[in-house]
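This report walks through a metal site and the charged side chains around it. The sequence and the model come first.

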Amino acid sequence: MNKNIAFDDGREMTVGTMYCIGQNYAKHAKEMGASVPDSPIIFLKPPSAYIPDGGQVTLPVISQNVHHEVELVVIIGKECRNVSRADALDYVAGYAVGIDITMRDIQKAAKDKGHPWAVAKGFASSAPISKAISAEKVQSNIFDLELSINGELKQKVSTSNMERPVEELIEYLSSIFILEKGDVIFTGTPEGVGQIHAGDKITASLKGYAELNVTVI
Ligand code: MG
């Protein structure tokens, strides 16, 4: 199993813990029937859920409603704990585009019962991530994100619309967890999430920097 994220400069980094942020765009929170939470919603995916560009998303048999969520992914370059917002970007190795593949029906059942989201969010192949662009090569961490299915645009946003920017997410996460080299942060999805089906070809992009292509089986 390939657990390495390839960088534009030839480096490779083994994927560690995947920290994911819930409801970080107001319009997506609204479409989920929620509002932006007072403190970040955090959930995890295991490293084995990662698939690289060109991979296949396998629909789990237990779900009738699997959704796409396009997200900016931040790759941590060195260990950190209790990092301030001002220093947060010193610990970023690079950026990529990812899709937080979600079993929406299983997630809803878990929410209704007050149960964790591990099954709905962390199943095998639930974390496609593109090749990464090195942090030094970008002017800022504001990107345009897009996701299309079979050529039809479904999600499009500037990450400037995030309620909590990358620096704040790193400050928060590192106040609770020890972030390590290769850990990734899925920073939340904008509005426009929807169902994926077997045979779909999904293309996601961090416009001008990275593209991710996966097939649904
Ligand atoms: Mg998400």
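The side chains of E69 and R104 meet in a salt bridge, with N and O 2.8 Å apart. This pair spans distant parts of the chain: E69 sits in the loop between β7 and β8, R104 sits in helix α2, and 35 residues separate them. Both E69 and R104 are buried. Note that the model is predicted.

**The salt-bridge network**

E69 has another partner. Its side chain meets that of K121 in a salt bridge of 3.3 Å, N to O. K121 belongs to helix α3 (residues 118-122) and E69 to the loop between β7 and β8, so this pair ties together parts that lie 52 residues apart in sequence. E69 counts as buried because its relative accessibility is 4%, under the 20% cut-off. K121 is buried as well, with a relative accessible area of 2%. Salt bridges with shared partners join K45, E69, D100, R104 and K121 into one network.

D100 and K45 also form a salt bridge, and their closest N and O atoms are 2.8 Å apart. Here, too, distant parts of the chain are linked: D100 is in the loop between β9 and β10, K45 is in strand β4, and the two are 55 residues apart. The side chains of D100 and K45 are also joined by a polar contact of 2.8 Å. K45 is buried at 2% relative accessibility. D100 is buried at 0%. The structure as a whole holds 13 salt bridges.

The table sets out three of these bridges.

| Salt bridge | N to O distance | Separation in sequence |
|---|---|---|
| D100 and K45 | 2.8 Å | 55 residues |
| E69 and R104 | 2.8 Å | 35 residues |
| E69 and K121 | 3.3 Å | 52 residues |

**The magnesium site**

Which residues coordinate the magnesium ion? The donors come from E69 (OE), E71 (OE) and D100 (OD), at 2.0 to 2.2 Å. Along the chain, these donors follow the spacing E-x1-E-x28-D. E71 lies in strand β8 (residues 70-76), while D100 lies in the loop between β9 (92-99) and β10 (102-103), so the pair ties together parts 29 residues apart in sequence. E71 and D100 are both buried.

**Around D100**

What does D100 touch, beyond its neighbours within four places in sequence? Its contacts are F43, K45, H67, H68, E69, E71, K121, S126 and F186. D100 and V70 are 30 residues apart in sequence, yet their C-alpha atoms are 6.4 Å apart in space.

**The sheet beside the site**

Strand β10 belongs to an open sheet of three strands, in the order β10-β7-β16, with antiparallel pairing. β10 and β16 (194-195) stand at the edges with a single partner strand each, so each has one side without a neighbour in the sheet. Strand β7 (residues 66-68) and β10 run antiparallel and are joined by two bridges. H67 has T102 as its bridge partner in β10.

**Q107 in helix α2**

Helix α2 (residues 104-113) holds Q107. Is Q107 buried or exposed? Q107 is buried, at a relative accessible area of 3%. The side chain of Q107 makes a polar contact of 2.9 Å with the side chain of R104. Setting aside neighbours within four places in sequence, Q107 is in contact with T102, W117, A120 and K121. Two of these residues appeared above: T102 as the bridge partner of H67, and K121 as a salt-bridge partner of E69.

**Helix α4**

Helix α4 (residues 166-174) has these buried residues: V166, E167, L169, I170, L173 and S174. Seen down the axis of α4, they fall within an arc of 165°, so they line one face of the helix. Their cover includes β3 (18-22), β4 (41-45), β8, β9 and β15 (184-186). Strand β4 is also where K45 lies, and strand β8 is where E71 lies.

**In brief**

E69 and D100 each coordinate the magnesium ion. Both also belong to the network that takes in K45, R104 and K121.

Note on methods: Residues numbered from 1 in each chain as written. Predicted model: local features only at pLDDT ≥ 70, side-chain atom pairs only at ≥ 80, totals over all residues. Heavy atoms only, no water. Donors = N, O, S within 2.8 Å, 3.2 Å for Na, K, Ca; no water. Helix = DSSP H or I, 4+ residues; strand = E, 2+ residues; numbered from the N terminus. Buried < 20%, exposed > 50% of the residue type's maximum accessible area, 1.4 Å probe, protein only. Pairing = 2+ DSSP bridges. Polar contact = N/O pair within 3.5 Å; in protein donor to acceptor, adjacent residues only side chain to side chain. Contact = heavy atoms within 4.5 Å. Arc of directions from axis to C-beta. Salt bridge = Lys/Arg side-chain N within 4 Å of Asp/Glu carboxyl O.
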